Amino acid sequence: MAVAILTDLTRCIGCRACVYACKEINGLPKEEAEGLSARTWTVVERRAGLNVRRQCMHCLDPACASVCPVAALHKTPAGPVVYEEDRCIGCRYCMVACPFHVPKYEWEKPLPRVQKCIFCSEKRLREGGQPACTEVCPAKATVFGDRDALIQEARGRIEAHPGRYVDHIYGLEEAGGTSVLYLSGVPFERLGFPTGLDREPYPRLTWEILSKIPNVVGMGGVLMFGIWWIVNRRMELERRDALREGPAKGVDDGEEGDR
């Protein structure tokens, strides 16, 4: 079973119980935060009249894991994208690759780590539980379960209350699909969500580009050789012209001197 989280932004009351539960179970500082950071893995922002909970999207085919050269980030069979800090070399490729701009870096520490939500994978899911954030939500605005079942639940809510929801499940197809899904009564672009993302998984798009590199390199090599040949040909012609003009100029000068 592939698990997921469905967050219904029309139901969120902004209590931030999810934020505090996340901080407590992961040993994060209790300080308030305006956005995701290395010290805050889930946050509730006020946007366009709604309380918007943000966290790692746990992509079905995560770009962050695909670019990690040491597999410090990897997706588990159940769905969560987890992080093994003892493998991390601090290259920060994951931060660049993520289309949702989620992974954060501990810039202030001498031995920094990449930090993000790990879906309570080891502390809850392995024991048959659910993430701390979904368990404590008093309004059931964010719920945990099988991804396919949550998609059906989301579609049912949209069909039952078409005037309440935007006809879109965010995360269903974005970046190839994610394990964190959203419903909203306000267009997602107004809430700060990245829109216009490709429906194909980003690692697949990256591989399609990388697979063309040998051809590009080959064409580039031919182009560079052509430029080298042209430049050297021009230099050779200039040298020949200089040799032809040099003696003639010397003879003329000598004749003028005798005169």
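Of the 259 residues in the protein chain, 39% are buried, and I should say at once that this is a predicted model, so please take every value I quote as computed from it. The accessible surface of the chain comes to about 14800 Å², and carbon and sulfur atoms hold 55% of that surface. As for secondary structure, the chain has seven helices and nine strands. If we take the contacts with a separation of 6 or more, 58% of them are between residues 24 or more positions apart.

Let me turn to one hairpin. Strand β2, which covers residues 43–47, pairs with strand β3, residues 50–54, in the antiparallel sense, and five bridges join the two. One of the pairings to look at on the screen is that of Arg-47, whose bridge partner in β3 is Leu-50. Two residues lie between the strands of this hairpin, and Ala-48 there takes a positive phi near 50 degrees.

Staying with β3, how many of its five residues are buried? The count is five of five, and the strand is accordingly described as mostly covered. In a regular strand the side chains alternate between the two faces of the sheet. In β3 itself, Leu-50, Val-52 and Arg-54 point one way, while Asn-51 and Arg-53 point the other way, and the residues on both sides are buried.

From there I move to helix α1, where Cys-18, Val-19, Ala-21, Cys-22, Lys-23 and Asn-26 are buried. What covers these buried residues of α1 includes the two hairpin strands, β2 and β3, together with α4. After α1 comes Gly-27, which has a positive phi, near 65 degrees.

Helix α4 spans residues 132–136 and contains Thr-134. Is Thr-134 buried or exposed? Because its relative accessible area is 2%, and the limit for a buried residue is under 20%, Thr-134 counts as buried. Leaving aside residues up to four places away in sequence, Thr-134 touches Ile-5, Thr-142, Val-143 and Phe-144.

A second buried position is Cys-117, which sits in the loop between β7 (114–115) and α4. Its relative accessibility is 10%, and therefore Cys-117 counts as buried. Again leaving aside residues up to four places away in sequence, Cys-117 touches Trp-41, Gln-55, Cys-56, His-58 and Val-81. Along the chain Cys-117 and Val-82 are 35 residues apart, yet their C-alpha atoms are separated by 8.0 Å.

I will finish with the largest pocket, which holds about 530 Å³ of space. Its lining consists of 26 residues, and those nearest its centre are Trp-41, Tyr-83, Glu-85, Gln-115 and Ile-118. The elements that give two or more residues to this lining are α1 (17–26) and β5 (81–83). In terms of chemistry, what does the lining of the largest pocket divide into? There are nine nonpolar residues, six polar ones and 11 charged ones. To connect this with the earlier part of the talk, Trp-41, which is among the residues nearest the centre of the pocket, is also one of the residues that Cys-117 touches, and α1, which contributes to the lining, is the helix whose buried residues are covered in part by β2 and β3.

Note on methods
Residues numbered from 1 in each chain as written. Predicted model: local features only at pLDDT ≥ 70, side-chain atom pairs only at ≥ 80, totals over all residues. Heavy atoms only, no water. Pairing = 2+ DSSP bridges. Helix = DSSP H or I, 4+ residues; strand = E, 2+ residues; numbered from the N terminus. Buried < 20%, exposed > 50% of the residue type's maximum accessible area, 1.4 Å probe, protein only. Contact = heavy atoms within 4.5 Å. Areas by Shrake-Rupley, 256 points an atom, 1.4 Å probe, with all protein chains shown as cover. 1 Å grid on protein atoms, 1.4 Å probe; cavity = no way out; pocket = protein on both sides within 12 Å on 5 of 7 lines; lining within 4 Å. Points joined across faces, edges and corners; volume = space filled by probe spheres on them. Nonpolar A, V, L, I, M, F, W, Y, C, P; charged D, E, K, R; others polar.
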